[in-house]
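User: I would like a close look at one part of this model. Please keep the answer plain and connected.
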Protein chains: 2
Amino acid sequence: MEMLGGRWKLAILKQLVAGTRRFGELRRALPGITQRMLTRQLRELEADGLVARTVYREVPPRVEYALTEVGHSLDSITEELDKWGRWYRETIRPEDPSGPRPPA
Amino acid sequence: MEMLGGRWKLAILKQLVAGTRRFGELRRALPGITQRMLTRQLRELEADGLVARTVYREVPPRVEYALTEVGHSLDSITEELDKWGRWYRETIRPEDPSGPRPPA
DNA sequence: CGGAATCCTAGAAGATACTG
DNA sequence: CAGTATCTTCTAGGATTCCG
């Protein structure tokens with residue numbers, strides 16, 4: 001949880017599960033995130049070996065982010081967490097916590 | 001992640017997946033946690049509807065914690081996350097992040 | 001375009017002491 | 001036994017500005 005607990009990390013991983021993304025693409029895909037936070041969370045994921053950063057020295061600059069093999073080993077967890085979160089927000093949060101039934 | 005991101009929450013959930021636990025049992029099962037943190041994290045999990053708190057008005061007092069139905073809907077995620085964490089710490093952390101291979 | 005540098009604040013986490 | 005009550009430290013997160 002220390003590695004995944006960041007405010008945006010799961011959302012970032014979710015994006016990268018689908019494939020390589022550029023910095024700007026990630027920013028647009030994550031409404032509300034600031035440039036600084038996106039950079040920081042990406043660097044932390046990189047330091048943990050989950051994300052690989054590739055810099056293309058062009059003009060204008062291009063930087064691509066992709067999951068490493070280790071990062072991809074979290075794919076199923078990423079997906080399950082995302083699914084659970086959406087279920088929880090749609091089903092539990094609006095109602096009473098002692099209300100509806102779980103999914104699976 | 002806002003619900004599960006707490007420093008001890010996953011560890012607490014892991015304990016409760018196995019069954020009902022008393023406050024003191026949880027404390028002993030989580031070396032390093034302070035009374036205050038255990039109380040706080042349990043209260044947050046309770047507020048999110050994942051954990052149920054049962055007070056037995058006896059002397060000495062007895063308080064039991066158990067997963068709710070919603071809490072149990074996280075069981076597989078809890079287990080996978082725990083498994084992945086152990087694998088990562090044993091396999092990746094001691095070595096280079098670009099070293100060994102993932103499990104599954 | 002993809003950052004880095006700086007400043008700031010809320011709250012997460014912890015240490016310690018006390019209590020019904 | 002299972003908590004409160006205080007106090008302190010730390011840092012994650014965010015706003016803003018500047019840059020190659």
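Which polar backbone atom is 2.9 Å from a phosphate oxygen of DNA strand C? Please start there, describe the protein surface around the strand, and then go on to where the two protein chains meet.

Analyst: The model is predicted. The backbone atom in question belongs to A:Gly24, and its partner is a phosphate oxygen of DNA strand C, 2.9 Å away.

Other residues also approach the phosphates. In chain A, a polar side-chain atom of A:Tyr65 lies 2.6 Å from a phosphate oxygen of DNA strand C. In chain B, B:Arg7 places a polar backbone atom 2.8 Å from a phosphate oxygen of that strand. The surface near DNA strand C draws two or more residues from each of several elements: helix 2 (23-29), helix 3 (35-47) and strand 3 (62-67) of chain A, and helix 3 (35-47) of chain B.

There are 21 residues around DNA strand C. The ones that come nearest are A:Gln35, A:Arg53, A:Tyr65, B:Arg7 and B:Gln41. On the DNA side, sugar and phosphate make up 62% of the strand C atoms that come within 4 Å of the protein. Sorted by class, the protein surface near DNA strand C consists of 8 nonpolar, 6 polar and 7 charged residues.

Now to the place where the protein chains meet. Here, 27 residues of chain A are in contact with 27 residues of chain B. The size of an interface is often given as the accessible area lost when the parts come together. For chain A and chain B, the buried area is about 2,500 Å², and 69% of it is on carbon and sulfur atoms. On the chain A side, A:Met1, A:Val70 and A:Trp84 lose the most area to chain B, and together they account for 26% of what that side buries.

Polar and charged groups also pair up across this interface. The rule finds 2 salt bridges between chain A and chain B. In a salt bridge, the side chain of B:Arg93 meets that of A:Asp48, with a distance of 3.1 Å from N to O. The interface also holds 7 residue pairs in polar contact, with both residues of each pair at pLDDT 80 or more.

Two elements of chain A, helix 4 (69-72) and helix 5 (75-92), each give two or more residues to the side that touches chain B. Helix 5 of chain A provides the largest share of that side, 8 residues. By class, the side of chain A that touches chain B has 16 nonpolar, 4 polar and 7 charged residues.

How values were computed. Residues are numbered from 1 along each chain as its sequence is written. Chains are lettered from A and ligands numbered from 1 in the order in which they are written. This is a predicted model: local features need pLDDT of at least 70, side-chain atom pairs count only at pLDDT 80 or more; totals for chains, interfaces and linings use all residues. Side-chain values use heavy atoms; hydrogens and water are left out. Contact means heavy atoms within 4.5 Å. Buried area is the accessible area (1.4 Å probe) that two parts lose on being put together, summed over both. A salt bridge is a side-chain nitrogen of Lys or Arg within 4 Å of a carboxyl oxygen of Asp or Glu. A polar contact is a pair of N or O atoms within 3.5 Å; within protein, one must be able to donate a hydrogen and the other to accept it, and residues adjacent in sequence count only if both atoms are side-chain atoms. Helices (H or I, at least four residues) and strands (E, at least two) are DSSP runs, numbered from the N terminus. Ala, Val, Leu, Ile, Met, Phe, Trp, Tyr, Cys and Pro count as nonpolar, Asp, Glu, Lys and Arg as charged, and the others, Gly among them, as polar. A residue is near a molecule or strand if one of its heavy atoms lies within 4 Å of it.
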